[in-house]
Amino acid sequence: MTKKGKGYEPAEKDPIGYHGVPKFNPEEDCLPKAANAKPTFSHIFGQWLCDMAGADSKLVGITPAMREGSGMVGFSQKYPDRYFDVAIAEQHAVTFAAGLAIEGMKPVVAIYSSFLQRAYDQVIHDVAIQNLPVLFAIDRAGLVGADGPTHQGAFDISFLRSVPNMIIMTPSDELECRKMLSTGYQANTPAAVRYPRGSGTGVAAGHSLETLPIGKGKIVRQGQGIALLCFGTLLQQAKPVADKLDATLVDMRFVKPLDTELLQSLLAEHDIFVTIEENAVHGGAGSAVNEWMMTQRQLKPVLNIGIPDQFIEQGTQEEIYQLLQLDSSGLEAQIQQFLHR
């Protein structure tokens with residue numbers, strides 16, 4: 001029953017468009033156009049959702065009041081009988097998905113990283129314990145910018161990694177995102193694909209429903225001495241650093257299960273490891289690598305790079321990447337400091 005935008009006529013006419021706004025002139029009745037024409041990861045997800053729904057009549061899409069933000073407008077219009085907006089009720093969204101899965105449907109829950117925190121109990125008790133085929137499309141994973149500390153998607157890897165039966169994937173670009181969504185959808189087990197807010201890298205995603213082998217990463221660049229293990233889109237920031245340091249660059253793809261076969265081969269050929277992720281360092285993907293290395297009784301130096309143990313204030317994404325040394329120059333500085341301790 002809420003009436004948004006009350007008292008400002010343009011917002012009253014377009015409450016969805018004015019829900020989250022960039023800088024704009026209040027004297028004008030329109031918002032500025034985005035300068036970047038690259039599709040967002042939310043858009044890539046929306047396209048995939050429509051394509052997979054066309055291929056599988058059992059697919060249903062669920063959102064807790066984030067249709068526009070999650071890129072589900074096209075799906076809701078094309079498949080209205082398979083689209084469910086459960087309003088701002090994240091716990092219900094997950095339990096509802098579990099119920100549909102028990103009845104033979106294939107639910108896809110599109111949810112922001114920070115909002116999934118509210119449904120952690122339901123993820124464990126309603127989905128994971130029963131090992132149900134629910135795919136979590138986790139939008140706004142990592143640093144979101146101006147929405148500030150309440151919306152930074154800093155914790156989803158940490159709080160999902162300990163849940164049995166869960167697959168966790170971190171795409172490095174748009175095409176990888178599509179492949180991972182298809183992989184999670186076809187896995188017949190709880191699965192999560194986490195992707196960031198905003199524009200993609202410019203890689204064409206296409207319309208393929210190709211899947212990936214579960215738990216397998218790939219070497220992007222072969223180097224020597226140092227291995228950079230990247231989980232997610234910070235791979236793009238790490239590429240020039242790998243070139244400069246002649247380091248091996250790895251797109252790990254999966255946080256869970258880890259590609260331990262690949263890690264074993266890297267251990268034999270490298271002296272120093274650097275993990276890179278857009279998640280809290282504590283309990284994150286880097287911690288998973290550390291834990292595995294301890295089981296192998298390997299004592300090689302490891303630098304874990306990610307979001308520090310603090311709540312991140314607001315600012316543009318670029319400002320925060322620079323502040324936290326997660327851009328290319330910051331990654332290089334952190335690695336150089338580690339090398340020269």
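This passage describes the sheet, the helices packed on it and some backbone features of a predicted model.

The sheet is open and consists of seven strands with mixed pairing, arranged in the order β2-β1-β3-β4-β6-β5-β10. Its edges are formed by β2 (83-85) and β10 (254-256), each of which pairs on one side only. Between neighbouring strands of the sheet the average turn is 20°, with direction ignored. Strand β1 (residues 59-63) runs parallel to β2 and is joined to β2 by three bridges, and T63 has D85 in β2 as its bridge partner.

Two helices are described here in relation to these strands. Helix α2 (residues 41-55) packs on the sheet through contacts with β1, β3 (106-112) and β4 (135-139), and its direction makes about 170° with that of β3. Helix α4 (residues 90-102) lies across β1, β2, β3 and β4, and runs at about 165° to β3.

Several backbone features are found in loops that follow strands of the sheet. The peptide bond from K256 to P257 is cis, with omega near -5°, and P257 belongs to the loop between β10 and α10 (260-269). A positive phi of about 70° occurs at A65, although this residue is not a glycine; A65 is situated in the loop between β1 and α3 (73-78) and is partly exposed, its relative accessible area being 27%. R140, likewise not a glycine, has a positive phi of about 55° and is located in the loop between β4 and α7 (156-161). Because its relative accessibility is 13%, R140 counts as buried, the cut-off for this class being under 20% relative accessible area.

Terms used. Residues numbered from 1 in each chain as written. Predicted model: local features only at pLDDT ≥ 70, side-chain atom pairs only at ≥ 80, totals over all residues. Heavy atoms only, no water. Pairing = 2+ DSSP bridges. Helix = DSSP H or I, 4+ residues; strand = E, 2+ residues; numbered from the N terminus. Axes fitted to C-alpha atoms, helices over the stretch in contact; angles between N-to-C directions. Contact = heavy atoms within 4.5 Å. Buried < 20%, exposed > 50% of the residue type's maximum accessible area, 1.4 Å probe, protein only.
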